[in-house]
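Please open the model in your viewer and keep the sequence panel beside it. The stops below say what to select next and what is to be found there.

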Amino acid sequence: FKLGKIGFTALTLSVMDEAQKKEEQTLPKATVSKLIKEMLPKDVRCANDARDLILECCVEFIHLISSEANEICNKESKKTIAPEHVLKALKVLGFDDYIEDVTDVYERHKTESQEVPKRSRKLEDTGVSPEELARQQAALFARARSNFEQTQQQHPM
């Protein structure tokens, strides 16, 4: 079996594409390591290969739940997976024990995200009217145009 240059290049690109897809479908190792460390007693360490295995399990779990939630979403003729779809997916897949905790976390998230003040728009906080801002902007443009024209006159192309 002999691979020509084109065949070898195609095979190399295929392997690289698979590696890239795998890299895109993972979780940050630092985040997973931090979560593992928070869950373990202080005197217990987690081997790197065990951490990598846990990371792979997390990714597979997410794929499983999101795929099932997507199917439920499609059956309801929806285009966006909602939290309710995720909860139904947990139930369908037999993860009933997680539903209460997931619901609690989701409710807490909704409450916390409502409490965070929305960023105010900078221009609204200046105390300057929109008309005055437009006048200042026009003056800046005029000054920039004048500077540009002077530069063009001094250094013609």
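**The whole chain**

Read along its sequence, the protein chain follows the pattern α-α-α-α-α-α, that is, six helices and zero strands, where helices (H or I, at least four residues) and strands (E, at least two) are DSSP runs numbered from the N terminus. This is a predicted model, in which local features need pLDDT of at least 70 and side-chain atom pairs count only at pLDDT 80 or more, while totals for chains, interfaces and linings use all residues. Residues are numbered from 1 along each chain as its sequence is written, and side-chain values use heavy atoms, with hydrogens and water left out.

With the surface switched on, the protein chain exposes about 13900 Å², of which carbon and sulfur atoms supply 58%; accessible areas come from the Shrake-Rupley method with a 1.4 Å probe, and for residues only the protein chains shown count as cover. Buried residues make up 9% of the 157 residues in the protein chain, where buried means under 20% relative accessible area, exposed over 50%, and partly exposed in between (1.4 Å probe, protein chains only). Among contacts with a separation of 6 or more, residues 24 or more positions apart account for 34%, a contact being heavy atoms within 4.5 Å.

**Along helix α3**

Select residues 48-75, which form helix α3, and pick out Arg51 in it. Is Arg51 buried or exposed? Its relative accessible area is 16%, so Arg51 is buried. Leaving aside residues up to four places away in sequence, Arg51 touches Lys29, Ser33, Ile36 and Cys46.

Now move to Asn74, also in helix α3, which is partly exposed because its relative accessible area is 47%. A distance drawn from the C-alpha atom of Asn74 to that of His85, 11 residues apart along the chain, should read 10.0 Å.

**The loop between α3 and α4**

Select Ser77, which is found in the loop between α3 and α4. Most residues other than glycine have a negative phi. Ser77, although not a glycine, has a positive phi of about 55°. At 66% relative accessibility, Ser77 counts as exposed.

**Where α3 meets α4**

Two packed helices are described by the angle between their axes and the distance between the axes. For α3 and α4 the angle is about 110° and the axes are 8 Å apart, the axes being lines fitted to C-alpha atoms, for helices over the stretch in contact, with angles running from 0 to 180 degrees between N-to-C directions. That makes α3 roughly perpendicular to α4; angles of 65 to 115 degrees count as roughly perpendicular, under 35 as roughly parallel, over 145 as roughly antiparallel, and the rest as oblique.

To show the contact, select Phe61, Ile65, Glu68, Ala69, Ile72 and Cys73 of α3 together with His85, Val86, Lys88, Ala89, Leu90 and Val92 of α4. By class, this contact of α3 with α4 has nine nonpolar, one polar and two charged residues, where Ala, Val, Leu, Ile, Met, Phe, Trp, Tyr, Cys and Pro count as nonpolar, Asp, Glu, Lys and Arg as charged, and the others, Gly among them, as polar.

**Where α4 meets α5**

Finally, select helix α4 (residues 83-92) and helix α5 (residues 96-115), which pack at an angle of about 160° with their axes 8 Å apart. The helices α4 and α5 are therefore roughly antiparallel to each other. The residues to display for this contact are Pro83, Leu87, Leu90 and Lys91 of α4, and Asp96, Ile99, Val102, Thr103 and Tyr106 of α5.
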